[in-house]
Amino acid sequence: MNHSQTQLTFRKTADCPTSATLLAYRSEKLSQKVVALVRKHLADCEFCNAELPLLAYHTPARRSPGAPEIPMNLRILAESILSRT
Ligand SMILES: [Zn+2]
């Protein structure tokens, strides 16, 4: 049986460090040993490579003060009522 493996499995595996570890890696809070492990993992893990820049936006302390979003269907309804006048 020809069992061909795809090299690019774009998902987290059991070997993947957690988001918390990646965050700590970004902020250089890890020991050199762990940093080396994460770096080694990043060398051949597409998912973690993709996740790392995303974590840059993930700052738990900061919350966006933006206005509550209006659901799209409600907005369309409101606009259709307003344009009827
Ligand atoms: Zn990974």
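Visitor: Is Ser 19 buried, partly exposed or exposed, and how many other C-beta atoms lie within 10 Å?

Guide: This is a predicted model, and burial in it is read by counting neighbours around each residue. Ser 19 has 15 other C-beta atoms within 10 Å, and is therefore partly exposed, since a residue counts as buried only at 20 or more and as exposed at 12 or fewer. Ser 19 lies in helix H1, and, leaving aside its neighbours within four places in sequence, it is in contact with Glu 51 and Leu 55. The C-alpha atoms of Ser 19 and Cys 48 are separated by 8.8 Å, although the two residues stand 29 apart along the chain.

Visitor: Which elements make up the protein, and in what order do they run from the N terminus on?

Guide: The order is α-α-α-α, with four helices and zero strands in the protein. Buried residues make up 7% of its 85 residues.

Visitor: How should I describe the way in which H1 and H3 meet?

Guide: Two packed helices are described by the angle between their axes and the distance between the axes. In this case the axes of H1 and H3 come within 10 Å and cross at roughly 65 degrees, and the two helices are therefore roughly perpendicular to each other. The crossing in which H1 passes H3 is right-handed. On the H1 side the contact is made by Ser 19, Leu 22, Leu 23 and Arg 26, and on the H3 side by Cys 48, Glu 51, Leu 52 and Leu 55.

Visitor: Which residues is Leu 22 in contact with, leaving aside its neighbours within four places in sequence?

Guide: An α-helix has 3.6 residues a turn, so residues three or four places apart point the same way. With that in mind, look at the partners of Leu 22, which are Pro 17, Cys 48, Glu 51, Leu 52 and Leu 55. Leu 22 also belongs to the largest nonpolar core, a set of five residues that further includes Tyr 25, Val 38, Cys 45 and Cys 48.

Visitor: Why does Leu 54 count as exposed?

Guide: The residue type does not enter into the count of neighbours, which for an exposed residue must be 12 or fewer. Leu 54 lies in helix H3, residues 46-55, and because it has 10 C-beta neighbours inside 10 Å, it counts as exposed. Leu 54 and Leu 23 are 31 residues apart in sequence and 10.0 Å apart in space, from C-alpha to C-alpha.

Visitor: What can be said of the span of H2 and of its count of buried residues?

Guide: The span of a helix can be set against the rise expected for its residues. H2 has 12 residues and reaches 16 Å from its first C-alpha to its last, which is close to the 16 Å expected at 1.5 Å a residue. H2 is hardly covered, with a count of one buried residue among its 12.

Visitor: Where does Glu 28 lie, relative to helix H1 and helix H2?

Guide: Glu 28 is found in the loop between helix H1 (19-26) and helix H2 (32-43). The backbone deserves a look at this point, as Glu 28 has a positive phi of about 55 degrees although it is not a glycine. Glu 28 is exposed, because it has 7 other C-beta atoms within 10 Å.

Visitor: And in which segment is Asp 15 found?

Guide: Asp 15 belongs to the segment before H1, and with 10 other C-beta atoms within 10 Å it is exposed. Its C-alpha atom is separated by 10.0 Å from that of Val 38, a residue 23 places away along the chain.

How values were computed:
Residues are numbered from 1 along each chain as its sequence is written. This is a predicted model: local features need pLDDT of at least 70, side-chain atom pairs count only at pLDDT 80 or more; totals for chains, interfaces and linings use all residues. The expected span of a helix is 1.5 Å times one less than its number of residues. A nonpolar core is a set of buried Ala, Val, Leu, Ile, Met, Phe, Trp, Tyr and Cys residues joined through C-beta atoms within 7 Å. Two residues are in contact if their C-beta atoms, placed from the backbone, lie within 7 Å. Axes are lines fitted to C-alpha atoms, for helices over the stretch in contact, and angles run from 0 to 180 degrees between N-to-C directions. Angles under 35 degrees count as roughly parallel, over 145 as roughly antiparallel, 65 to 115 as roughly perpendicular and the rest as oblique. A crossing is left-handed if the near helix is turned anticlockwise from the far one by less than a right angle, and right-handed if clockwise.
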